[in-house]
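Visitor: Could you take me through one part of this model up close? I'd like to follow a single helix, what it packs against and what sits around it.

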Amino acid sequence: MSRASPPPVRAVDSPYEQFLATVGRQPTAAQCEQWADEHPGDPDQGRAPVHAGWLTARGKQHQGDDAKALELFTRATKLSGAAGRQAQVGVVATLYAQDRERDAEQAEQALREELTEQPDEAVPDLQVFDDMVDMLGEIGRSERALDWCLAALAHPAARENEGTVGGEAARLRRGLRISRALLRRDLGLEPTDDDLAAESEADAELREFGEELDRALSGLPSGRPVEVPEDTAAFDGIGLRWVREDFAAVRTRWPESTPSYGDDYTAYIQRLQTDARTYAEAGAARVHIVSATLAACEEFAVREGRDADNPDTRRAFSRHVVRAHPDESPAWPPPRNGPCWCDSGRKYKKCCGAPARN
């Protein structure tokens, strides 16, 4: 089953954002849960258990621990505001995953009534509608997803932004219009003029993105080797992703990496996505993209008595992270509705998993 993403909170100076920055890579569910326990009353206290819930639900090669995830989501539903409602999305998703359809439908109806009868902040509410549309569509409940989509487009936050091109509400409205068109096609319904217009806009955006990506990649070699065993033994494909904040420092430390990495982070991320796909097509049992900081790699080199400037050390560091911190190097690709592996804050299907990037 697909998993919706944690609520997109942008307050980069909040204590929780500082905690995420300190972790340096994808946190574990236990770390998020512990942070919530240690920060009672913090505005982000609800966000942490919701984040932990999604990490738990999609862990262990995406099979997850639905019972534990449900416990975390239920705990967060007791909070008011956006976090509580995002937690309710998690409850609905997990109940469907447990084949508790009646309970899931009741929780779904309760959330709809709350959004309709007790509106909170316009944009966060619209985000909840959008997550419900994505989640229901991904588990094959297209009729229910379309119903949520139509309700979202009738929401005041969506109507107030008709005709606008900027802002989070306008972005969500554009995405919902595209979802409506796709869901109607899935259900065999005749597309409306608005559906056709939404699809045309989406095609134009993908073409524009593709052209931008082509420009970013134009200075790089057309291909680079990945490590694939010559025999038929099972192997894991592992890619090392330097976090955005360290990208410039890595290129300064190892200038010989520039021909492969490039000098543009978007192109660098695209290369890693291509490498991961190459591993998968070559028959890798598992593919991981390890997110790491320069400091963590250097600490590993000192601890192991290795030369950090040797590429073999960086490869050994990647293998170490996969073995020692499996929760921090999740399997690629992530769930389509899960957070993208590149830490952009967007869903995978709207980021590195988008058709224009593949």
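Guide: Let's settle one term before we start: a helix axis here is a line fitted to C-alpha atoms over the stretch in contact, and angles run from 0 to 180 degrees between N-to-C directions. Bear in mind, too, that this is a predicted model.

The backdrop first. The chain has 358 residues, 47% of them buried, and its secondary structure amounts to 16 helices and two strands. Of the contacts with a separation of 6 or more, 63% link residues that are 24 or more positions apart. The accessible surface is about 17500 Å², with 48% of that belonging to carbon and sulfur atoms.

Now zoom in on H15, which spans residues 294–304. Leu294, Ala296, Cys297, Phe300 and Ala301 are its buried residues. They cover an arc of only 165 degrees around the axis, so they end up on the same side of H15. As a rule, an α-helix has 3.6 residues a turn, so residues three or four places apart point the same way. Turn H15 around and you meet Glu299, Val302 and Arg303, which are exposed on the other side.

What does the buried side pack against? The partners are strand E1, helix H12 (247–253), strand E2 (286–292) and helix H16 (311–324).

Take H16 to begin with. Its axis and that of H15 come within 10 Å and cross at roughly 100 degrees. Angles from 65 to 115 degrees count as roughly perpendicular, and H15 and H16 are therefore roughly perpendicular to each other. On the H15 side, the contact is made by Ala296, Cys297, Phe300, Ala301 and Arg303; H16 brings Thr313, Arg314, Ala316, Phe317 and His320. So Arg303 shows up twice: it is exposed, yet it takes part in the contact with H16. Between the two helices, look out for glycine 305, which follows H15 and has a positive phi, near 70 degrees.

While you're on H16, have a look at serine 318, which lies in that helix. Its relative accessibility is 5%, so it counts as buried. Not counting residues up to four places away in sequence, serine 318 touches Ile238, Leu240 and Val290. Strand E1 covers residues 236–242 and strand E2 covers 286–292, so you can place those three partners on the display yourself.

That leads on to E1 and to tryptophan 242, which lies in that strand. Tryptophan 242 has 0% relative accessibility and therefore counts as buried. Leaving aside neighbours within four places in sequence, its contacts are Val250, Trp254, Tyr261, Tyr265, Tyr268, Ala292, Thr293, Leu294, Cys297 and Arg314. Leu294 and Cys297 are among the buried residues of H15, while Arg314 is one of the H16 residues that meet H15. Tryptophan 242 and threonine 293 are 51 residues apart in sequence, but 5.9 Å apart in space, C-alpha to C-alpha. There is a side-chain polar contact as well, 3.2 Å between tryptophan 242 and tyrosine 261.

To pull the picture together: H15 has its buried residues on one side, packs them against E1, H12, E2 and H16, and crosses H16 at roughly 100 degrees. Tryptophan 242 of E1 is in contact with both Cys297 and Arg314, so a view centred on tryptophan 242, buried at 0% relative accessibility, is a handy place to start.

How values were computed
Residues numbered from 1 in each chain as written. Predicted model: local features only at pLDDT ≥ 70, side-chain atom pairs only at ≥ 80, totals over all residues. Heavy atoms only, no water. Helix = DSSP H or I, 4+ residues; strand = E, 2+ residues; numbered from the N terminus. Buried < 20%, exposed > 50% of the residue type's maximum accessible area, 1.4 Å probe, protein only. Contact = heavy atoms within 4.5 Å. Areas by Shrake-Rupley, 256 points an atom, 1.4 Å probe, with all protein chains shown as cover. Polar contact = N/O pair within 3.5 Å; in protein donor to acceptor, adjacent residues only side chain to side chain. Arc of directions from axis to C-beta. Parallel < 35°, antiparallel > 145°, perpendicular 65-115°, else oblique.
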